[in-house]
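Please examine the sequence and the structure shown below before reading the exchange that follows.

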Amino acid sequence: MAAYKPVVVQACPKLGEKITQDTLYWRGYKTPVQIKEFGAINKIDFSPVPPYNYAVTASSRIHIYGRYSQEPIKTFSRFRDAAYCATYRDDGRLLAAGSEDGSICLFDVSGKAPLRQFEGHTKPVHLVGFLSDKYRIFSGGDDYSSNLWDIPSATEIISYSEHTDYVRCGCASKVNADVFITGSYDHTVKLFDARTKSSVLTIEHGHPVESVLLFPSGGLLVSAGGRYVKVWDVLKGGQLLVSLKNHHKTVTCLCLNSSGQRLLSGSLDRHVKIYSTTSYKVVHSFNYATSILSLALSPEDETIVVGMTNGVLNVKHRKPEEKSENTQKKRQPAYRTYVKGRTYMPKQEDFCVSKPVKRVLRKYDKLLRSFQSSKALDAVLEPPIMLHTPEVTVAVMQELHRRGTLRSALAGRDEKQVNLLLTFVARRVIEPRFTPVLVTVADMITDIYQPVVGQSAIVDKQFLKLQEAIGKEIDYQEELLEVLGMMDTLFATFTKKKDTCLEENKSNGVTEIIETNMNF
């Protein structure tokens, strides 16, 4: 009797995320720490100097957190109403924030009471930032104005009223101490120079602008609004370089990593997308529980902090790299140990002894070898196999059909087993790799159990699901055929027809020239 050959399971490519270097890098962050704040988190800003504490603005408070602290190490609560946009100065010593009553407060990080208070806006101030000279502050409010303030004298230097809607975001240039940028709900981004009395550049984003970001070189500007993230070349007068539409809802925040090679965007669709700044393609994505309002990455890319609309602060720390310098590796055998004897050629007087290889058969293979068709099918209808390796179940069904025992294996089953069979077939019959086998299985099940239709509500429900799944698939196929027909018609109209004859009323010279050009 010939030896039993195990069932051959068809290997199919698995659809999933492509593993790249970026995937491995961004997956290297630990399980997030959840911190509950008092309200929606509208701003997160890291201190630019060690130990890289970060300020979280939520409700009427500003909390300062340490890198690994889950409780605030300092709190600023001298606000009559909501606080907005707490931002560090480049030296990490001062902190500026706007408020609902239109005032701007300047805090010393080591103190409690405000050092300065700037009054001038008549409506809430959602934008505050420092110019790179460290002695001036720019702001933007819901009164449509953008102001510039002097820190030592606490006076207003200049006020710009060019926006026609709320000013909600902005940034300062690190290259030029007089340049800052504001974004507004009037769909525009304006570049201001403190030495002039009006804006020097206006960019039309097309949607209410929620966040703007300037690259460290000062040549590229990123704006976010609506579902779009757009990159502009400032040196070319605001020329649009690329428009990214990878989010499904409004993009609310932007962030760059320390090297400037990766751009991060957070959105109300609960996702953080990470783009390569060379190809502007998404290299990784994070998924969160609720809509995202603010996002920040620590200066060393060691921590990602995300603020959400439900007041939850999500903190992810990067896993420390394992140091293998101090650990002594166990000495491995030399290479010659493994290759010893491989090139030896047996001589005529040598006896070759071959050790038999023991094959371990699966449970369904053992049952098939003993011709227990029904039990073999039961073995592959267990939930772990059906859910995680459906190709094994289909391979056994195909083998039973080849043997001619599939009908007998499907027959004689109770209500629970028929329900299990129909659930699997209805779920997997629309997959192209399983369709040829499962269509045959569905026909056999229908023929066998047609007389009992109407006796079990559970089985009847599964039959209706199977009918619905097959009906939808047929409708999709018909629609695809219609689309193919339309595409064939379009391609036919694009085909260039060659002229077969020339007009007879033209002269011979002209005719010869045309024929020469066609041949050429």
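The questions and answers below concern one helix and one of its residues.

Tutor: This is a predicted model, in which local features need pLDDT of at least 70, side-chain atom pairs count only at pLDDT 80 or more, and totals for chains, interfaces and linings use all residues. Residues are numbered from 1 along each chain as its sequence is written, and side-chain values use heavy atoms, with hydrogens and water left out.

Student: How far does helix H6 reach from its first C-alpha to its last?

Tutor: Helices are DSSP runs of H or I with at least four residues, numbered from the N terminus. H6 covers residues 390-403, which makes 14 residues. The expected span is 1.5 Å times one less than the number of residues. For H6 that expectation is 20 Å, and the helix comes close to it, reaching 20 Å.

Student: Why is H6 described as largely enclosed by the rest of the structure?

Tutor: A residue is buried under 20% relative accessible area, exposed over 50% and partly exposed in between (1.4 Å probe, protein chains only). Among the buried residues of H6 are Val392, Met397 and Leu400. H6 is largely enclosed because its buried residues number 10 of the 14.

Student: Is arginine 403 buried or partly exposed, and at what relative accessible area?

Tutor: Arginine 403 belongs to helix H6. Its state is partly exposed, and its relative accessible area is 28%.

Student: Which residue offers its backbone oxygen to a polar atom of the arginine 403 side chain at 2.9 Å?

Tutor: Beyond neighbours within four places in sequence, arginine 403 is in contact (heavy atoms within 4.5 Å) with Tyr4, Leu368 and Phe371. The backbone oxygen lying 2.9 Å from a polar atom of its side chain is that of leucine 368.

Notes: Helices (H or I, at least four residues) and strands (E, at least two) are DSSP runs, numbered from the N terminus. A polar contact is a pair of N or O atoms within 3.5 Å; within protein, one must be able to donate a hydrogen and the other to accept it, and residues adjacent in sequence count only if both atoms are side-chain atoms.
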